[in-house]
Structure formats: C-alpha cells, structure tokens
Amino acid sequence: MIRELWITKIAAHMNPKWNGQFSCFDLVAKTDGCSRSVVQVRDIAIGGNDFVVMAGPCAVESESQLLRTAEAVVAAGARILRGGAYKPRSSPYSFQGLGVDGLKILRKARQETGLAIVTEVMSEEDVEVIAEYADIMQVGTRSMENYALLEALGECGRPVLLKRGMTATLEELLRSAQVLATAGNPQIILCERGIRTFETATRNTLDIAAVPVLKAVSHLPIIVDPSHAAGVRSLVPTLARAAVVVGADGLLVEVHPSPEQALSDGNQSLNFHEFRHMMADLQPYLDLQYPGLHKDEPQFGPQLLAVGGAD
Ligand code: PEP
Ligand code: MN
C-alpha cells in the first residue's frame with residue numbers, strides 16, 4: 001500500500017496533469033490501492049511474477065520456416081510465438097503476409113510446441129478470423145490510433161498487445177489503451193518498440209524510460225520490443241538486457257532460421273544461435289530482478305527438449 005501511494009505520487013511529479021486526474025485514461029491508470037493487472041494467456045501470466053518472452057519471425061513465410069522457429073524458441077525458453085500473417089508494410093510492393101494460410105500455420109505451430117500465439121491484426125474486418133487462431137491480438141505501431149480497430153477489439157475475447165505508435169506520447173498510448181478498455185476489453189499489454197527521433201544510427205530510438213513511467217502511471221503490464229527499436233540484430237541482446245533491468249514484464253523479439261533470407265525485417269532478426277545466447281545472457285539479470293523466484297530452475301527452463309534444427 002505504501003509502495004502504491006509512492007508510485008502515484010511519482011506519477012504526479014512526472015506530469016502535473018497526472019495529479020490524480022486521469023480522466024483521459026482512468027480505466028488503465030495506476031491509482032492508490034489498485035493492484036497491477038495480470039493478463040492471463042492460457043497458462044501464462046503476463047505482468048505477474050514472471051518475465052515472458054515472445055519470439056518468432058517478423059512474418060510467417062512458410063510452414064517449415066515457422067515450425068523450425070517455434071521449436072528453436074520454445075527450446076530456448078520463449079513462451080509465446082510471434083509471427084505476422086497480415087503485415088503492415090511501408091511499401092505496397094513488399095511482402096504483405098500469407099493471410100489465413102499464415103494463421104493456419106501458426107495454429108499448427110501451437111499444436112506442435114504448446115506455444116501461445118501472438119499475431120497482428122490491421123483491420124476491424126479481420127478481427128473475428130484472427131481471434132479464432134490467435135491467443136493475443138497485436139496492434140502495430142501504425143494502428144495505435146485506429147479507433148475503429150480498437151473498438152472492434154473491445155469484444156474479441158482475446159488480450160491485446162498494444163504497440164506504441166512511432167510518434168505517440170505515452171499519454172497517447174494510454175488513451176488508446178483506454179479506448180480498448182472502454183470498448184470492453186481490459187486485457188491489455190503495452191509494448192514499447194522505439195519511437196521516431198532525429199537519430200538515424202538506429203531504426204527507432206528505444207525509449208527505455210517508458211517502462212518505469214508507464215509502470216508508475218498505469219497498472220497494465222509493459223513489454224519491450226528491442227528488434228523494431230534497434231533495426232539491427234547486434235543491438236537486440238543489449239536492449240533486451242536493458243528491458244529486464246528497468247522492470248519490463250517481457251520481450252517481443254524477432255527470430256528467423258536464416259535472417260539474411262527473411263522476407264521482412266531480416267536485419268533485425270536473430271538466428272537461433274543468437275537467440276539462445278541472448279536468453280542465456282539475460283538469466284543473471286532476471287535473477288537480480290526476481291530474487292527468490294524459481295530458485296531451483298532457471299527462469300527460462302526449456303519447455304521441450306531441443307528439437308533438431310540448425311542454428
Ligand atoms: C512487427 O511486430 O512485425 C511490426 C510490424 O511491428 P511495429 O508495428 O512495431 O512496426
Ligand atoms: Mn517486423
């Protein structure tokens with residue numbers, strides 16, 4: 001209780017507008033006495049006492065590409081498989097995704113590995129069909145302010161992973177979360193994926209402070225996507241480590257069997273070997289962040305024995 005009072009005071013210090021006046025995002029605001037939301041996805045609790053890694057390719061490209069990736073990421077300790085079947089691309093000439101065929105491949109990967117599925121929904125017309133296959137509905141950075149989509153997700157019966165718009169403030173992100181909550185869906189996971197700044201050395205600028213700010217101001221879980229923030233794979237493990245240390249509830253990471261051949265976002269995708277290393281490298285930081293938890297087993301104990309597959 002004392003801690004929660006302290007947290008809301010911090011929020012008020014950050015922004016005088018947040019001095020108990022959360023009218024524009026009151027349903028998702030952290031107020032005195034309210035507990036943190038835990039989003040339950042099958043047997044996985046996001047925002048609880050666990051660090052949840054979601055990993056997989058940017059786009060579902062083929063059955064073998066996705067199944068091999070699913071086996072590799074589950075063996076390294078990921079709990080949720082990502083993969084876009086409907087892709088928002090900056091160019092109309094780029095690969096647009098496999099649509100329903102991609103969703104069917106995702107479902108097969110879930111059956112074979114037990115991983116839950118997160119995949120993007122771009123349009124309100126696709127909500128129903130994607131909700132049949134997905135465990136979590138991803139709203140991408142370009143859709144954060146698509147209110148028709150957010151409203152349609154209000155009653156989809158699935159948690160929503162809401163990515164921060166690339167030019168959105170944190171308050172705007174919370175307002176979009178409020179639209180979802182008002183439309184009837186309180187199961188929301190926020191995602192910091194980097195914002196557009198004047199810096200060109202990285203694809204986006206990871207706003208690492210977004211994590212503690214959002215934790216102070218909102219009760220929703222928050223995860224970090226280091227892949228879209230960095231734009232290059234060499235930076236992904238370092239940004240992932242930063243996410244653990246600032247208290248994120250999980251990660252969304254792009255992994256591909258052969259990133260150089262990926263149809264999208266290959267530059268920022270880790271191969272299997274790199275992903276395994278990243279996960280092992282995070283362990284001591286998780287031990288610090290969650291002392292006493294899973295004492296006898298590593299946080300990232302593989303859920304399956306490693307299944308074949310090359311690095
Ligand atoms: C993605 O996750 O592949 C994606 C398109 O992300 P973002 O919306 O953050 O660009
Ligand atoms: Mn991508």
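# Close-up views of the metal site and its surroundings

**View 1. Asp-265 and its loop in the predicted model.** The place of Asp-265 is in the loop between β10 and α10 (272–289), in a model that is predicted. Although Asp-265 is not a glycine, its phi is positive, at about 55 degrees. Asp-265 has a relative accessible area of 18% and therefore counts as buried, the limit being under 20%. The residue also belongs to the metal site, where its OD atom is listed as a donor of the manganese ion (ligand 2).

**View 2. The protein donors of the manganese ion (ligand 2).** Four protein atoms are shown around the ion, namely SG of Cys-58, NE2 of His-228, OE of Glu-254 and OD of Asp-265, and they lie 2.0 to 2.4 Å from the manganese. Along the sequence, these donor residues follow the spacing C-x169-H-x25-E-x10-D. Within this set, His-228 in helix α8 (residues 226–230) and Glu-254 in strand β10 (residues 250–254) are 26 residues apart, and the pair links distant parts of the chain. Glu-254 is buried, its relative accessible area being 0%.

**View 3. His-228 and its side-chain partners.** His-228 lies in helix α8 and, with a relative accessibility of 9%, counts as buried. Its side chain is joined to that of Asp-225 by a polar contact of 2.7 Å, and to that of Glu-254 by a polar contact of 3.2 Å. The side chain of His-228 also has an N or O atom 3.2 Å from an oxygen atom of ligand 1, while NE2 of His-228 is a donor of the manganese ion (ligand 2).

**View 4. The surroundings of ligand 1.** The residues around ligand 1 are Cys-58, Arg-82, Lys-87, Glu-120, Gln-138, Gly-140, Thr-141, Arg-142, Lys-163, Arg-193, His-228 and Glu-254; Cys-58, His-228 and Glu-254 are also among the donors of the manganese ion (ligand 2). An N or O atom in the side chain of Arg-193 is 2.7 Å from an oxygen atom of ligand 1, and a polar side-chain atom of Arg-82 lies 2.8 Å from an oxygen atom of the ligand.

**View 5. The second largest pocket.** This pocket, with a volume of about 210 Å³, has a lining of 16 residues, and those nearest its centre are Pro-88, Arg-142, Arg-203, His-228 and Asp-265. By residue class, the lining of the pocket comprises nine charged, five polar and two nonpolar residues. His-228 and Asp-265 appear here again as donors of the manganese ion (ligand 2), and Arg-142 as one of the residues around ligand 1.

**View 6. The largest cavity.** The structure holds one cavity of 30 Å³ or more, and the space in the largest cavity is about 30 Å³. Its lining is made up of Arg-82, Gly-83, Gly-84, Lys-87, Val-118, Thr-119, Glu-120 and Gln-138, which divide into four polar, three charged and one nonpolar. Strand β5 (residues 116–120) gives the most to this lining, with three residues. Among the lining residues, Arg-82, Lys-87, Glu-120 and Gln-138 are also found around ligand 1.

**View 7. Arg-42 in the loop between β1 and β2.** Arg-42 is found in the loop between β1 (39–41) and β2 (44–46), and it has a positive phi of about 50 degrees although it is not a glycine. With a relative accessibility of 46%, Arg-42 counts as partly exposed, whereas Asp-265, which also has a positive phi, is buried.

Methods: Residues are numbered from 1 along each chain as its sequence is written. Chains are lettered from A and ligands numbered from 1 in the order in which they are written. This is a predicted model: local features need pLDDT of at least 70, side-chain atom pairs count only at pLDDT 80 or more; totals for chains, interfaces and linings use all residues. Side-chain values use heavy atoms; hydrogens and water are left out. Donors are N, O and S atoms within 2.8 Å of the metal (3.2 Å for Na, K and Ca); water is not among the atoms, so sites may look incomplete. Helices (H or I, at least four residues) and strands (E, at least two) are DSSP runs, numbered from the N terminus. Buried means under 20% relative accessible area, exposed over 50%, partly exposed in between (1.4 Å probe, protein chains only). On a 1 Å grid over the protein atoms alone, a cavity is a set of points where a 1.4 Å probe fits but cannot get out, and a pocket is an open set with protein on both sides within 12 Å along at least five of seven lines; lining residues have an atom within 4 Å of a point. Grid points are joined across faces, edges and corners, and a volume is the space filled by probe spheres set on the points. Ala, Val, Leu, Ile, Met, Phe, Trp, Tyr, Cys and Pro count as nonpolar, Asp, Glu, Lys and Arg as charged, and the others, Gly among them, as polar. A residue is near a molecule or strand if one of its heavy atoms lies within 4 Å of it. A polar contact is a pair of N or O atoms within 3.5 Å; within protein, one must be able to donate a hydrogen and the other to accept it, and residues adjacent in sequence count only if both atoms are side-chain atoms.
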